[in-house]
Amino acid sequence: LGFQHTGTSWNMSKALLDLEAPSWPTGLGLRPEDDAHLEQVWQVISRAFAGTGFSRERTFEEWKRQVLRDADVISAWDGDVLVGVATHELRLGAGYIGQLAVLPSHRGIGLGRALLREAFSRDLARGLSETKLVVDGLNETARGLYEGVGMVVEQEYRKWEKCL
């Protein structure tokens, strides 16, 4: 008694069957991962996640050590400006998208969808059968994006807290 629901998150997955190729918005494209741009990646992620349920202030070094670890980065550029990223790794035999971030100025044009499809394609090329991620329950826009590319909810987690 006295517990209150304080948050929800969903584990989602995509079976890597009948994949659509990424369709990059006009003028945007990928560049190979480059360690020289990792601080820019952290800045895009920090800006995109600011104020969300999954945001956590971290220094660049903390983010690199705690979040990036063994992940590669899929980077989308608008000329010389980094505008979207996906951190992508292998976890428990499946592809895993740790963070997907698109700058507010470049949302709603299909960039997130293209980054996801690029991750799916890379996982399939590695011989994996699925890609997974976790989404904050308050971020209905993100969940809609993920469902729109064929991801489905595997598990729902509810956080309950009691004030003492």
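A charge counts as sitting over a ring if NZ of Lys or CZ of Arg is within 6 Å of the ring centre and within 35 degrees of the ring normal. Keep that in mind for this predicted model, since it gives us a place to start. The charged end of arginine 143 sits over the ring of tryptophan 10, 4.1 Å from the ring's centre. Arginine 31 does the like with tryptophan 77: its charged end is over that ring, 4.2 Å from the centre.

Now for rings that meet other rings. There are 2 aromatic pairs in the structure. One of them joins tryptophan 42 to phenylalanine 60, edge-to-face, with 5.9 Å centre to centre and 65° between the planes. Tryptophan 42 belongs to helix H1 (residues 38–49) and phenylalanine 60 to helix H2 (residues 60–68), so this pair ties together parts that are 18 residues apart in sequence. Add Trp63 to Trp42 and Phe60, and you have one aromatic cluster.

Are the two partners of that edge-to-face pair buried or exposed? Tryptophan 42 has 18% relative accessibility, so it counts as buried. Phenylalanine 60 is buried too, at 15% relative accessible area.

Let's follow tryptophan 42 back into its helix. H1 runs for 12 residues and spans 16 Å from first C-alpha to last, close to the 16 Å expected at 1.5 Å a residue. Its buried residues are Leu38, Val41, Trp42, Val44, Ile45, Ala48 and Phe49. They take up an arc of only 160° around the axis, and therefore sit on the same side of H1. What covers them? The cover includes H2 along with strands E3 (72–78), E4 (81–91) and E5 (94–102).

How values were computed: Residues are numbered from 1 along each chain as its sequence is written. This is a predicted model: local features need pLDDT of at least 70, side-chain atom pairs count only at pLDDT 80 or more; totals for chains, interfaces and linings use all residues. Side-chain values use heavy atoms; hydrogens and water are left out. Rings of Phe, Tyr and Trp (its six-membered ring) pair if their centres lie within 6.5 Å; planes under 30 degrees apart count as stacked, over 60 as edge-to-face and the rest as tilted. Helices (H or I, at least four residues) and strands (E, at least two) are DSSP runs, numbered from the N terminus. Buried means under 20% relative accessible area, exposed over 50%, partly exposed in between (1.4 Å probe, protein chains only). The expected span of a helix is 1.5 Å times one less than its number of residues. The arc is that of the directions from the helix axis to the C-beta atoms. Contact means heavy atoms within 4.5 Å.
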